[in-house]
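Good morning, and thank you for coming. Please keep the sequence and the structure in view while I speak.

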Amino acid sequence: MKKLAVITGGTKGIGKALIEKFADQQFDIITCSRNEEDLKELSNEVSSKFGVSVHTFKVDMSKKNQVLGFVDDIAKISAHVDVLINNAGLFIPGAVHEEEDGALEQMIDTNLYSAYHLTRGLIHGMKSEKSGHIFNICSTASFVPYVNGGSYCISKFAMLGMSKVLREEMKEHNVRVTSIMPGATFTASWEGADVPEERFMKSEDVADAVFNAYTMSDRTVIEEIVMRPQLGDL
Ligand SMILES: NC(=O)c1ccc[n+]([C@@H]2O[C@H](COP(=O)([O-])OP(=O)(O)OC[C@H]3O[C@@H](n4cnc5c(N)ncnc54)[C@H](OP(=O)(O)O)[C@@H]3O)[C@@H](O)[C@H]2O)c1
């Protein structure tokens, strides 16, 4: 039987690169986003290219009731998830003192509560099997307070906090937890930025780093990965 990876926000950017990487390694995939057409396209493309099952669900991960519904849908496919990657995220640039009212709530809902509720929904299967690997896609904005990072930084600091706590909690259950901190990576999040593509990291490099961390023996966990463009932060 193939292993199963749940990767949120899989239709674009880093999420799509992660799906291609794990599908290439013969994982079946479960993913979600808010756009049904994109999900259909992704599912057809990945299943025909890699010969794996790709289950897609239209879910708004910023809504708790939809995340809990997604947990139920996943349980109908399999009781055990081998890899969970909390990737779906939203970046609205701004400064704490200037950004629009609601920016904090929107990014905490999408970047933090999404991962919190999904992880809580799936982790019991991992604990009872004493196996599994959770990756939380944080950011260099999880530990560097960027000007114009505003509430995005707040949400990503919190995401790293959750990831570190989870790592401690899961030690005794043999579930590995890894926090990924990428710097600027060329994806839809950066559309419209007046910076050449070569200045950014590739999504595929983030996916390779995640997969490499997954391949460690059971005796080792890579707790944190920090990645930046060769020329540094933008
Ligand atoms: N790109 C960077 O420079 C960078 C750097 C550090 C960390 N990160 C983090 O990496 C992750 C992926 O970023 P990215 O740049 O690859 O983003 P992206 O290209 O904008 O793609 C985001 C993916 O998540 C989905 N998504 C967004 N909001 C969602 C929601 N509420 N519910 C369900 N799905 C949702 C999107 O699909 P729909 O919009 O159709 O729902 C899409 O599939 C994020 O957590 C981001 O913070 C990115």
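The second largest pocket has a volume of about 260 Å³. A pocket here is an open set of points on a 1 Å grid over the protein atoms alone, with protein on both sides within 12 Å along at least five of seven lines. Its volume is the space filled by probe spheres set on the points, which are joined across faces, edges and corners. The model is a predicted one, in which local features need pLDDT of at least 70 and side-chain atom pairs count only at pLDDT 80 or more, while totals for chains, interfaces and linings use all residues. Residues are numbered from 1 along each chain as its sequence is written, and side-chain values use heavy atoms, with hydrogens and water left out.

Which residues lie nearest the centre of this second largest pocket? They are Gly 13, Phe 186, Thr 187, Ser 203 and Glu 204, out of 15 that line the pocket; a lining residue has an atom within 4 Å of a point. Helices H1 and H6 each supply at least two lining residues, and H1 gives the most, with four. Helices (H or I, at least four residues) and strands (E, at least two) are DSSP runs, numbered from the N terminus. By class, the lining has five nonpolar, three polar and seven charged residues. Nonpolar covers Ala, Val, Leu, Ile, Met, Phe, Trp, Tyr, Cys and Pro; charged covers Asp, Glu, Lys and Arg; the others, Gly among them, are polar.

H1 and H6 also pack against each other. H1 spans residues 13-24 and H6 residues 203-214, and their axes lie 8 Å apart at an angle of about 50°. That angle makes H1 oblique to H6. Axes are lines fitted to C-alpha atoms, for helices over the stretch in contact, and angles run from 0 to 180 degrees between N-to-C directions. Angles under 35 degrees count as roughly parallel, over 145 as roughly antiparallel, 65 to 115 as roughly perpendicular, and the rest as oblique. Among the residues in contact (heavy atoms within 4.5 Å) are Gly 13 of H1 and both Ser 203 and Glu 204 of H6. The contact of H1 with H6 has nine nonpolar, two polar and three charged residues.

Next, the largest pocket, which holds about 1300 Å³ of space. Of its 45 lining residues, Gly 89, Leu 90, Phe 91, Tyr 152 and Ser 189 are the closest to the centre. H1 gives the most to this lining too, with three residues. The lining divides into 19 nonpolar, 19 polar and seven charged residues.

What of enclosed space? Rolling a probe the size of a water molecule over the atoms shows where empty space is left. A cavity is a set of points where a 1.4 Å probe fits but cannot get out. The count comes to one cavity of 30 Å³ or more, and the largest cavity holds about 40 Å³. Helix H4, residues 103-129, gives the most to its lining, with four residues. By class, this lining has four nonpolar, six polar and no charged residues.

Finally, H4 packs with helix H3, residues 64-77, at an angle of about 30°, with axes 9 Å apart. H3 is therefore roughly parallel to H4. Ser 114 of H4, one of the residues that line the largest cavity, is also among those that meet H3. Thank you.
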